[in-house]
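Subject: Structure handover

Hello,

I am passing this structure on to you. Please open it first, then read the notes below it.

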Amino acid sequence: MTRLFYLLIACCAIQNMQAQIHVLSHSPANMANSAPVSGNIEINFSEAYDPATINHNSVRVFGRWSGPMASTLIFGADNKSLTIAPDEPLMAGEWVTVNLARNIASSNGMPMSKGYSWNFWTATKPGALEQEQVDVLFLRQAGEGLIQTYGAYAGDLNNDGLSDFTVVNETSDDLRILLNQGAGTFSDFELIPMGNMSPSPNEGADFNNDGEIDFAVSTAHHNEVRVFFGDGSGSFTGPDVYTTGDGARGLSIIDCNGDGYDDIFITNRLDDNITLLVNDGQGQFTTSTMNTTGVGESACYVADANGDGILDVFIGMYYSKQLALLLGDGEGGFALSDMVTVTGSPWMIAAADFNGDGRADVASANSDGNRMAIAFGDGQGGLTEAIHFNAGLNTLFPLAIDLGDIDGDGDLEIVTSNYSSPSFVVFENDGNGSFTVASILDASNKASCAILHDRDGDGDMDISGTDEGDDVIILFENPGMPNATSSHSNAPFRFEIRPNPSVEEASLWLHLDTPGKLAVRIYQPNGQLLHTGYLGHYSEGEQLIELPFVSQLPTGVYFVQVQMGEKSLWKKLLR
């Protein structure tokens, strides 16, 4: 009788184990680099699911720029397959996260043991790796000094399908929101004050699952995370403030425990630890602290590195000059899996599949090493020895890094923002994870962050760069040339200001590829137009033209725009 009893218990356990539902396959695949923007997401389960457990809280899709994806959930005939059909397209070239909550249950009521998550990139149209500067957005108010514009988030805040800017300013400690008006033009900014704690790292999410983009920003020199809630009309309410470790320089979004809600992962450089903020389901958070074996946890990025459907976290260690990988357990815990040394101190990192093997790799901008490093993942939680790339003397103090398929060939380029050069360096991927410098785009003073997004909605990737010395966003436009790399700007002319700095008069040195009419405008750093004038019609070749109005300018910093037809270039003028 006893033997029969235990046999029955064992049979029930085996039956329950077999009935526990898990994900068998999905499309797009984890780390896919060119998924269709309007394509369906397909998921196949091991068991028939209970349709009552499939809803927009248990099945969530978030595009980094487009935000929470509204969709129709289509059940397969056998309830073993699920189709997520987007109601609107995702944005071109954006990083997308799919989260399945652990409460998805089989038809007999057995839930998944853990949640399941993965990432992919949407496809872009063919484009150019060298982009021309088409505009400058000024972020200071009249009479305002340095606000230190560090970075910007390019999420669609008002649900019009366009990429807006939420700009984070360290010295003025505020957000400035510029809504996209279409074709890459932007409104005047709305200012949202925060306090006096040097905000910097930031990311979008949907913390309360209301279908709107929310926003988290941490304090690079202090110990706070601020959480804002999107109103769907282009602004935020809040913030709610939470305490972290000191020097909260890295911020990533992760559903760490599979409950269907976005949590926040923070790396604290000065306290040498990690803060995890766990969401209670209402957009409120509890905090806990973790330690690693590195020194100076400064940057973080989330991806599934070992293909188990549980998100892991890459870490950049500033002081010990290492890249680390923490594997998630799906229950809110993390364990160090591997660590490699790099040349220079990682300031910011990013993860993706760089060599086309379907596995997550990690790239870092190594500030005092003046180079970019990549460690390739083995798909099991291990990292290769780091490989380093640089742009010679043109790469000085790279502090930020971003990714995107700029040329539309199905692999990801890397752009570093180089504070001291100042410049944005575009590294072209050969498809196998080897990178060469394709172009170097000028910043005006101190390059802070590059944002890779389809700013004008034409399907190719544009580059927007922030400059924290002049408090501007520099807009570079992708002309959509198929797989092109050019050594010159697409504008039909080039120009310099001579001398610069200027004490009295100044001249424009121009080289015109074609004849044309030239106009000039001079702006203050807050965007106020001081002078506009017609320079005249000039033949092709070199020209030296007196720059008007300069002698009337008081000592300071100005921006000069020269325009020929629809093309324009910008330079900074020092008086």
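Start with Arg269. Its charged end sits over the ring of Trp347, 4.4 Å from the ring centre. The charged end of Arg269 also sits over the ring of Tyr318, here 3.7 Å from the centre. Please keep in mind that this is a predicted model.

Nonpolar cores

The largest nonpolar core holds 38 residues. Which of them touch the most other members? They are Phe314, Phe354, Met372, Ile374, Ile414 and Phe435. Several strands give two or more residues to this core, among them S25 (297-303), S27, S29 (346-352) and S30 (361-366). Strands S31 (371-375), S33 (398-404) and S35 (423-429) do so too. Another core lies apart from it, with 28 residues. Ala154, Phe165, Met194 and Phe228 are among them. As background, nonpolar side chains tend to be buried together in soluble globular proteins.

Aromatic pairs

The whole structure has 24 aromatic pairs. Two are worth a look.

Trp95 and Trp121 form a tilted pair. Their centres are 5.1 Å apart, and the planes meet at 55 degrees. Trp95 is in strand S8 (residues 95-100), and Trp121 is in strand S9 (residues 116-122). The pair links distant parts of the chain, 26 residues apart. Are these two residues buried or exposed? Both Trp95 and Trp121 are buried.

Phe424 and Phe476 form an edge-to-face pair. The distance is 6.1 Å centre to centre, with 70 degrees between the planes. Phe424 lies in strand S35 and Phe476 in strand S39 (residues 472-477), so this pair ties together parts that are 52 residues apart in sequence. Phe424 is buried, with a relative accessible area of 0%. Phe476 has a relative accessible area of 2% and counts as buried because that is under 20%.

There is also an aromatic cluster. Trp65, Tyr153, Phe215, Phe228 and Phe236 form it. Phe228 is a residue of the 28-residue core as well.

Salt bridges

How many salt bridges does a search of the whole structure find? It finds 13.

Asp174 and Arg176 meet through their side chains in one of them, at 3.0 Å from N to O. Both Asp174 and Arg176 are buried.

Arg359 forms a salt bridge with Asp357, with the closest N and O atoms 3.9 Å apart. Arg359 is partly exposed, at 38% relative accessibility. Asp357 is partly exposed too, with a relative accessible area of 33%.

Arg498 forms a salt bridge with Glu496. Here the closest N and O atoms are 3.2 Å apart. Arg498 is partly exposed at 38%. Glu496 is also partly exposed, at 38% relative accessibility.

Shared partners join some bridges into a network: Arg64, Glu203 and Asp402 belong to it.

Surface

Which residues make the nonpolar surface patch of about 280 Å²? Leu270, Val295 and Tyr319 do. Tyr319 is in the loop between strand S26 (312-317) and strand S27 (322-328). Its relative accessible area is 46%, so Tyr319 counts as partly exposed.

Where to look

For a short tour, go to the rings around Arg269. Then visit the pair of Trp95 and Trp121, and the pair of Phe424 and Phe476. Finish at the patch of Leu270, Val295 and Tyr319.

Best regards

Terms used
Residues numbered from 1 in each chain as written. Predicted model: local features only at pLDDT ≥ 70, side-chain atom pairs only at ≥ 80, totals over all residues. Heavy atoms only, no water. Patch = residues over 30% accessible without salt bridge, like charges linked within 9 Å, V, L, I, M, F, W, Y side chains within 5 Å. Areas by Shrake-Rupley, 256 points an atom, 1.4 Å probe, with all protein chains shown as cover. Salt bridge = Lys/Arg side-chain N within 4 Å of Asp/Glu carboxyl O. Helix = DSSP H or I, 4+ residues; strand = E, 2+ residues; numbered from the N terminus. Buried < 20%, exposed > 50% of the residue type's maximum accessible area, 1.4 Å probe, protein only. Core = buried A, V, L, I, M, F, W, Y, C linked by side-chain atoms within 4.5 Å. Phe/Tyr/Trp six-rings, centres within 6.5 Å; stacked < 30°, edge-to-face > 60°. Lys NZ or Arg CZ within 6 Å of the ring centre and 35° of its normal.
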